[in-house]
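The following exercises are to be worked through with the sequence and the structure at hand. Each task is followed by a solution in steps.

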Amino acid sequence: MWLWFSKLGSPKWFYELSGRWLPWLVIPMALLLIVGIVWALLFVPPDYQQGNTIRIMYIHVPFASISLAFFPLMAVAGTITLVWRMKLADMVAKQAAPLGAWFTALALASGSIWGSDIWGTWWIWDGRLTSMLLQFFLLIGVISLRSALEDTDAAAKACAVLSIVGCINVFVIKFSVDWWNTLHQPAGDFSLSDEAANPPEVWVPLVIMIVAIYLFFAVSLILSTRNEILQRERRAQWVQELVEGH
Amino acid sequence: MFETIQFSSLGEFFEMGGYAFNVWSVYMLFILFFFINLYFPLLKKKQIIREQKRRLVVSKESTIEISET
């Protein structure tokens, strides 16, 4: 276990392993995305209230749900950085912040475009939307904190602490729709029965899109972490050999 | 589970029952974001390798010069 843990912390090991994994993430991602998008756009029946805007759900819900994973991910990576001083964990945390800001922005934008018609407004200051916007600014805060501190170790520690504190907001986002009853609907219940509010032809493509976009998140994070490794480990023997081989 | 296609013509598909702007702008945003997000890390990797290659050549030349003098 400890051998595995210290091995995982080695950037070289991660670089080689992730290089071998990437095709096995990219191929299912592409297949699921194509199936999911075609299904969502062509085959899902229009909602009895929302009509064809229901198709926006297949982009909005996956992005909104994966957006909640960034702070816990950065907090776990931050804890590993603080406790075990693992370089790789900080590289992942550093690359996750801007990616998280983009994912959060897309969740907000798609939700806003969806709401502009079915709610009749682009924006309301309710619990869900406000806490999600707060997460976006917190992520911008983490990014600026890192760029403001020149010392890599100090920046890693400061960002780790901010990420752990920022996790509180994730709970607020998660339970906001139950605490404050506003325009944003609570999470749907998915069941297999045909009489349910959400029949399988509505939620099966949603599950496909959620898995596809989770894979997309993994691929994006791995790609940018690999770049971070190449930059930070540029003096290492194996990186120099890799660069010469290109 | 697979119902039939919900649109009877291509025009109807693009119209999205009057929600063309909302539906298509969200899907366009997603596709744009998807390709940008995969393209830029790959572009950056090429830049990093190019830059480090140059640095390696420079450092090798300088070590040769030092050893010659």
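A residue is buried if 20 or more other C-beta atoms lie within 10 Å of its own, exposed if 12 or fewer, and partly exposed in between. The model used in these exercises is a predicted one.

**Exercise 1. Classify B:M16 and A:R85 as buried, exposed or partly exposed, and describe the backbone of each.**

Step 1. Locate the residues. B:M16 belongs to the loop between α1 (10-15) and α2 of chain B, and A:R85 to the loop between α4 and α5 of chain A.

Step 2. Count the neighbours. B:M16 has 20 other C-beta atoms within 10 Å, so it is buried. A:R85 has 13 C-beta neighbours inside 10 Å and therefore counts as partly exposed.

Step 3. Read the backbone angle. Phi of B:M16 is near 55 degrees, a positive value in a residue other than glycine. For A:R85, phi is likewise positive, near 55 degrees, and this residue is not glycine either.

**Exercise 2. Summarise the secondary structure and burial of each chain.**

Step 1. Count the elements. Chain A has nine helices and zero strands, whereas chain B has two helices and zero strands.

Step 2. Compute burial. In chain A, 39% of the 246 residues count as buried. In chain B, buried residues make up 13% of the 69 residues.

Step 3. Describe the extent of chain A. Its C-alpha atoms fill a box of roughly 60 × 35 × 30 Å along the principal axes. Among contacts in chain A between residues at least 6 apart in sequence, 77% join residues at least 24 apart.

**Exercise 3. Describe how α2(A) and α8(A) pack, and place A:L22 in that picture.**

Step 1. Choose the quantities. Two packed helices are described by the angle between their axes and the distance between the axes.

Step 2. Apply them. The angle between α2(A) and α8(A) is about 150 degrees, and their axes are 7 Å apart. Angles over 145 degrees count as roughly antiparallel, and the two helices α2(A) and α8(A) are therefore roughly antiparallel to each other. Their crossing is left-handed.

Step 3. Examine the residues of this contact. They divide into 24 nonpolar, two polar and one charged.

Step 4. Turn to one residue. A:L22 is found in helix α2 of chain A and is in contact with A:V219 and A:I222, neighbours within four places in sequence being left aside. A:L22 and A:I222 are 200 residues apart in sequence, yet 8.1 Å apart from C-alpha to C-alpha. With 15 other C-beta atoms within 10 Å, A:L22 is partly exposed.

**Exercise 4. Which residues of the largest nonpolar core touch the most other members, and which elements give two or more residues to this core?**

Step 1. Identify the residues. The core has 70 residues, and A:F63, A:M74, A:A93, A:F103 and A:A212 touch the most other members.

Step 2. Identify the elements. Two or more residues come from each of α2 to α8 of chain A and from α2 (20-68) of chain B. The element that gives the most is α5(A), with 15 residues.

Step 3. Inspect A:F103. Beyond its neighbours within four places in sequence, its contacts are A:F63, A:I66, A:S67, A:F70 and A:F217.

**Exercise 5. Describe the contact between the two chains.**

Step 1. Count the residues. Chain A supplies 33 residues and chain B 28 residues.

Step 2. Assign the side of chain A to elements. Here α2, α5, α8 and α9 (237-245) each supply at least two residues, and α8(A) has the largest share, 10 residues.

Step 3. Classify this side by residue type. It divides into 17 nonpolar, 11 polar and five charged residues.

Technical notes
Residues numbered from 1 in each chain as written. Chains lettered and ligands numbered in written order. Predicted model: local features only at pLDDT ≥ 70, side-chain atom pairs only at ≥ 80, totals over all residues. Core = buried A, V, L, I, M, F, W, Y, C linked by C-beta atoms within 7 Å. Helix = DSSP H or I, 4+ residues; strand = E, 2+ residues; numbered from the N terminus. Contact = placed C-beta atoms within 7 Å. Nonpolar A, V, L, I, M, F, W, Y, C, P; charged D, E, K, R; others polar. Axes fitted to C-alpha atoms, helices over the stretch in contact; angles between N-to-C directions. Parallel < 35°, antiparallel > 145°, perpendicular 65-115°, else oblique. Left-handed = near helix turned anticlockwise from the far one by under 90°.
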